[in-house]
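Q: I'd like to learn how to read a structure feature by feature. Could you walk me through one?

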Amino acid sequence: MVDEIMSEAKSGMDKAVEAFRHEIGTVRTGRASATLLDAIRVEYYGTQVPLNQVANVSVPEPRLITIQAFDKTAVPEIEKAIQASNLGLTPSNDGNLVRLPIPQLTEERRRELVKVVSQMGEECKVSIRNHRRDANDMLKEAQRDGEVPEDDAKRGQDQVQQLTDGHVKSIDEILKVKEEEIMEV
């Protein structure tokens, strides 16, 4: 019973960390990254589809993203989607290829992005703590119902706390790397 609760808590916490990793990858830094465009959806034959399903996205240089549409008729729609995305980037196209130059970030914008990233990290930590609370509640309930001895429940709560501490530490490490990446000139 304790193992099931621990497994469920670990799974939930792992998913929270992965979701955070993915979400933080979409935050713009001074360096080009294909993940920057993951959230962009393009109108393609009347349907909103992810950009990577209508085009090949590549990063040939540190400050340039190129987008090669599979179908040339989608190029204007790709351009529109990028402009509407609120990334603050201006695409240019030559009919076949959309180029997306990544401008240098200002100091003020860097500080804003660090705050945004920190907020995302805090939200992820809250999610992890919610998984801890749920696991502890299940352990207490199992103990009350007589399914788990008191010693095992206490040991399980200690393990849940260690699991939580480990995941929070992972978030802090990811945040530190992302903040350094953002602040780098």
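A: Sure, we'll go through the sheet, then the salt bridges, then the pocket. One thing to keep in mind is that this is a predicted model.

Q: Let's begin with the sheet. How many strands form the open sheet, and in what order?

A: The general idea is that strands of a sheet pair through backbone hydrogen bonds, either parallel or antiparallel. Here four strands make an open sheet, ordered β3-β4-β6-β5, and their pairing is antiparallel. At the edges sit β3 (55–61) and β5, each of which pairs on one side only.

Q: How many bridges pair β4 with β6?

A: Five bridges: strand β4 (residues 64–69) and strand β6 (residues 97–101) pair in the antiparallel sense. You can trace the register through the partners. Gln68 faces Leu97 in β6, while Ile65 stands opposite Leu100 in β6.

Q: And which way do the side chains point along a strand?

A: As a rule of thumb, in a regular strand the side chains alternate between the two faces of the sheet.

Q: Now the other side of β6. How many bridges join β5 to β6?

A: Strand β5 (residues 92–93) is joined to β6 by two bridges, and the two run antiparallel. Look at Ser92: its bridge partner in β6 is Arg99. The two strands β5 and β6 form a hairpin with three residues between them. Check Gly95 in that turn, too, for its positive phi of about 100 degrees.

Q: On to the salt bridges. How many does the structure hold?

A: There are 13 salt bridges in the structure. A good habit is to ask three things of each pair: the distance, the place along the chain and the exposure. Take Arg109 and Glu112, whose closest N and O atoms are 3.2 Å apart. Both residues lie in helix α3 (residues 107–144), three residues apart, about one turn of the helix.

Q: Are Arg109 and Glu112 buried or exposed?

A: Neither label fits. Arg109 counts as partly exposed because its relative accessibility is 36%, and Glu112 is also partly exposed, at 35%. Another pair to look at is Arg129 with Glu122, whose side chains meet at 3.5 Å, N to O. Arg129 has a relative accessible area of 31%, so it is partly exposed, and Glu122 is partly exposed at 35%.

Q: Which salt bridge links distant parts of the chain?

A: Try Lys125 with Asp172, where the closest N and O atoms are 2.5 Å apart. Lys125 belongs to helix α3 and Asp172 to helix α4 (residues 150–183), so this pair links distant parts of the chain, 47 residues apart. Lys125 counts as buried because its relative accessibility is 11%, under the 20% cut-off. Asp172, at 35%, counts as partly exposed.

Q: Last one: what volume does the largest pocket have, and which residues line it?

A: With pockets, read the volume and then the character of the lining. The volume here is about 190 Å³. The lining includes Thr26, Val27 and Arg28, along with Ser85, Asn86, Leu87 and Gly88. Arg109, Leu113, Val116 and Met120 also line the largest pocket. By type, the lining divides into five nonpolar, four polar and two charged residues. You've met Arg109 already: this lining residue is also the salt-bridge partner of Glu112.

Notes. Residues numbered from 1 in each chain as written. Predicted model: local features only at pLDDT ≥ 70, side-chain atom pairs only at ≥ 80, totals over all residues. Heavy atoms only, no water. 1 Å grid on protein atoms, 1.4 Å probe; cavity = no way out; pocket = protein on both sides within 12 Å on 5 of 7 lines; lining within 4 Å. Points joined across faces, edges and corners; volume = space filled by probe spheres on them. Nonpolar A, V, L, I, M, F, W, Y, C, P; charged D, E, K, R; others polar. Salt bridge = Lys/Arg side-chain N within 4 Å of Asp/Glu carboxyl O. Buried < 20%, exposed > 50% of the residue type's maximum accessible area, 1.4 Å probe, protein only. Pairing = 2+ DSSP bridges.
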